[in-house]
Amino acid sequence: MATANPIEGKDLMVFIGTTTKKAIALSKSHKLSLSHATREKSSKDSGEWIEKTKGRKGWEITADCLVTYDASANNWEALFDAYNNRELVTLTWALASGTSPDWTVDSTKDIYVGTAYIEKLEKNATDGGDVS
């Protein structure tokens with residue numbers, strides 16, 4: 001019987017920054033999506049079947065976080081400024097080591113790094129709940 005241990009969600013973090021990587025503050029969940037689009041290459045020789053060939057690859061990271069205005073964190077204002085100024089940001093999806101708020105990237109495990117623009121920011125304020 002296999003004895004592999006699953007990775008706990010609390011141990012994966014999204015970091016922003018190139019040389020100094022700082023975890024996104026008060027994260028509740030993250031999602032890394034990888035995609036590979038295909039292109040149709042059907043011809044008269046294809047008969048009844050659609051033929052496909054490789055296309056472009058893409059990726060996306062989404063995060064659901066509690067809102068903080070703490071200046072020492074990657075807070076709402078820092079993310080909004082990057083969004084509003086159309087800044088290219090470096091994102092790292094990795095296991096974290098250390099403790100809050102000084103999380104660091106665990107460089108001994110798989111690390112996914114890419115540059116992206118923040119395409120959308122949302123604030124959600126439910127009655128009786130925290131702002132996320």
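In this predicted model, strand E4 gives the most to the lining of the largest pocket, with 8 residues. The report below describes this pocket and then the second largest one.

**The largest pocket**

The volume of the largest pocket is about 900 Å³. Its lining consists of 31 residues, and those nearest the centre are Ile-61, Thr-62, Ala-63, Ile-118 and Lys-120. Several elements supply at least two lining residues each: the strands E1 (12-16), E4 (52-65), E5 (88-97) and E7 (111-117), together with helix H1 (76-84). By class, the lining of the largest pocket holds 18 nonpolar, 7 polar and 6 charged residues.

**The second largest pocket**

The second largest pocket encloses about 500 Å³ of space. It is lined by 25 residues, and Ala-23, Ile-24, Ala-25, Leu-26 and Trp-103 are the closest to its centre. Two or more lining residues come from each of E1, strand E2 (22-23) and strand E3 (27-40). Of these, E3 provides the largest share of the lining of the second largest pocket, namely 4 residues. This lining divides into 10 nonpolar, 9 polar and 6 charged residues.

**The two linings by class**

| Pocket | Nonpolar | Polar | Charged |
|---|---|---|---|
| Largest pocket | 18 residues | 7 residues | 6 residues |
| Second largest pocket | 10 residues | 9 residues | 6 residues |

Strand E1 appears in both descriptions: it supplies at least two residues to the lining of the largest pocket, and it gives two or more to the lining of the second largest pocket.

Methods:
Residues are numbered from 1 along each chain as its sequence is written. This is a predicted model: local features need pLDDT of at least 70, side-chain atom pairs count only at pLDDT 80 or more; totals for chains, interfaces and linings use all residues. Side-chain values use heavy atoms; hydrogens and water are left out. On a 1 Å grid over the protein atoms alone, a cavity is a set of points where a 1.4 Å probe fits but cannot get out, and a pocket is an open set with protein on both sides within 12 Å along at least five of seven lines; lining residues have an atom within 4 Å of a point. Grid points are joined across faces, edges and corners, and a volume is the space filled by probe spheres set on the points. Ala, Val, Leu, Ile, Met, Phe, Trp, Tyr, Cys and Pro count as nonpolar, Asp, Glu, Lys and Arg as charged, and the others, Gly among them, as polar.
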